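Work through the exercises below with the model open. Try each task before reading its solution.

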Amino acid sequence: MTSAFEPATIGRYTTRSRVVMAPMTRSRAYGPGASPTELMATYYGQRAGAGLIVTEGIQPSAIGQGYLNTPGLHTDEQVAAWRPVTAAVHDRGGLIFAQLMHTGRIGHPDNTAQGHQPAGVSAVRAAGTIVTPTGPQEFPVPQPLDADGVRATIADFVTAARNAIEAGFDGVELHGANGYLLHQFLATNTNLRDDEWGGDVAGRIRFVVEVTGAVADAVGADRVGLRISPANGFNDIVEDGHRETYLALLDALNPLGLAYLHVAEGPDTEFTPVLRDRWQGTFLLNPYTPGSWTGPEALKLIETGETDLVSYGALYLANPDLPRRLAASGPFTTPDYRTAYGGDHHGYTDYPELG
């Protein structure tokens, strides 16, 4: 029986445990040009005891930014600002992957310095509102990417991945979940295209496959992970026939030899073991816990072989030494969601460690 506190293989790396810090947007990139700050280095350094840290979503281009004060990896200034963050993690023996997140239609011009109109797969507005400097506003209709725009976006992901390695990251995770751009290409209600990037299953998975392949070629497949969230309706996503879509996606990606597949489990929990069986590499699971957060009971999924690693979000927000606490069966600090997005060190770097 495998323990959560045994090493695991993630691509070219060996983790210290199988407890992973999940990506969590914190909206504190107050440095010049959407750059990380010294406070962010402290935050990630405090959590370096994780088997792997996956950062908050980082936009691969200026137009890929959707939310306020999220960081980028598309300028020299941003690359330089990330180096103290990765150094803080490595100085404590940790591993850290940069999550590359293009939000696609989930954005607003007021949230970007250049006033960019969100770029989407098709001209389909997301239901709901987004926080902007002047308060909540409805999502606008996105500008659909033309064929040249699709290719340019793939190139942006490649450049950002190379920038991540230059900034000291151990690898990158491509965010293909939660209703953002890669997920929008997969979903049937957001991808209404009739060109080679849409239509049937093969067309809808093509963008994710080509982004992943191009990034793997650029930095090494053993330094690339992909996050997916089948049947997750977050950000107004509908996925008709999702099982067929994701099995085709995994079949297309398996030959690449990626570092891992990260599944943010949705309500179709019976599909998870099917994905586990179909995926030929390391399997990382963020379990479905509606109305709560992932707790110590999830470690049993490692012991039973249902996953290789488990990622924790909310508990990692409030417990910087989470693996120690899990090993000791607690106690656990409750996260304060009032300080989750934006702000200073309160609710960010002032959560205590045990002892």
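**Exercises on a predicted model**

The model is predicted.

**Exercise 1.** Identify the unit made by β12, helix α7 and β13, and give its handedness.

*Solution.* Step 1: locate the pieces. Strand β12 covers residues 260–264, helix α7 covers residues 272–278, and strand β13 covers residues 283–286. Step 2: check the pairing. β12 and β13 run parallel, with four bridges between them. His-262 has Leu-284 as its bridge partner in β13. Step 3: assign the unit. β12, α7 and β13 form a β-α-β unit, and it is right-handed.

**Exercise 2.** Follow β13 to its pairing with β14, and sort the β13 side chains by direction.

*Solution.* Step 1: β13 pairs with β14 (residues 309–312) in the parallel sense, over two bridges. Step 2: Leu-284 has Leu-309 as its bridge partner in β14. Leu-284 is also the β13 partner of His-262. Step 3: sort the side chains. Phe-283 and Leu-285 point one way, Leu-284 and Asn-286 the other. Step 4: check burial, with the cut-off under 20% relative accessible area. All four of these β13 residues are buried.

**Exercise 3.** Which strands make up the closed barrel, and in what order?

*Solution.* Step 1: list the order. The eight strands run β3-β4-β5-β10-β11-β12-β13-β14, and the pairing is parallel. Step 2: add the angle. Neighbouring strands of this sheet are turned by 25 degrees against each other on average, ignoring direction. Step 3: place a helix. α2 (residues 76–90) packs on the sheet and touches β4 (52–58) and β5. The direction of α2 makes about 140 degrees with that of β5. Step 4: inspect one pairing. β5 (residues 96–100) and β10 (residues 171–176) are parallel and joined by four bridges. Ala-98 stands opposite Val-172 in β10.

**Exercise 4.** Relate the UniProt domain record to the chain.

*Solution.* Step 1: read the record. An unreviewed UniProt entry places "domain: NADH:flavin oxidoreductase/NADH oxidase N-terminal" at residues 5–327. Step 2: take the composition. Residues 5–327 are 32% helix and 17% strand. Step 3: compare the ends. The end C-alpha atoms of this stretch are 8 Å apart.

**Exercise 5.** Why does the protein chain count as being as compact as a globular protein of its length?

*Solution.* Step 1: count elements. The protein chain has 10 helices and 14 strands. Step 2: compare radii. The radius of gyration is 19 Å, close to the 20 Å that the globule rule gives for 355 residues, so the chain is as compact as a globular protein of that length. Step 3: add the extent. The C-alpha trace spans about 55 × 45 × 40 Å along its principal axes. Step 4: add burial. Of the 355 residues, 59% count as buried.

Terms used:
Residues numbered from 1 in each chain as written. Predicted model: local features only at pLDDT ≥ 70, side-chain atom pairs only at ≥ 80, totals over all residues. Heavy atoms only, no water. Buried < 20%, exposed > 50% of the residue type's maximum accessible area, 1.4 Å probe, protein only. Pairing = 2+ DSSP bridges. Right-handed = clockwise from strand over helix to strand, strands pointing away. UniProt positions renumbered as here; feature names shortened; annotations may be inferred. Axes fitted to C-alpha atoms, helices over the stretch in contact; angles between N-to-C directions. Contact = heavy atoms within 4.5 Å. Rg over C-alpha atoms; globule rule 2.2 N^0.38 Å.
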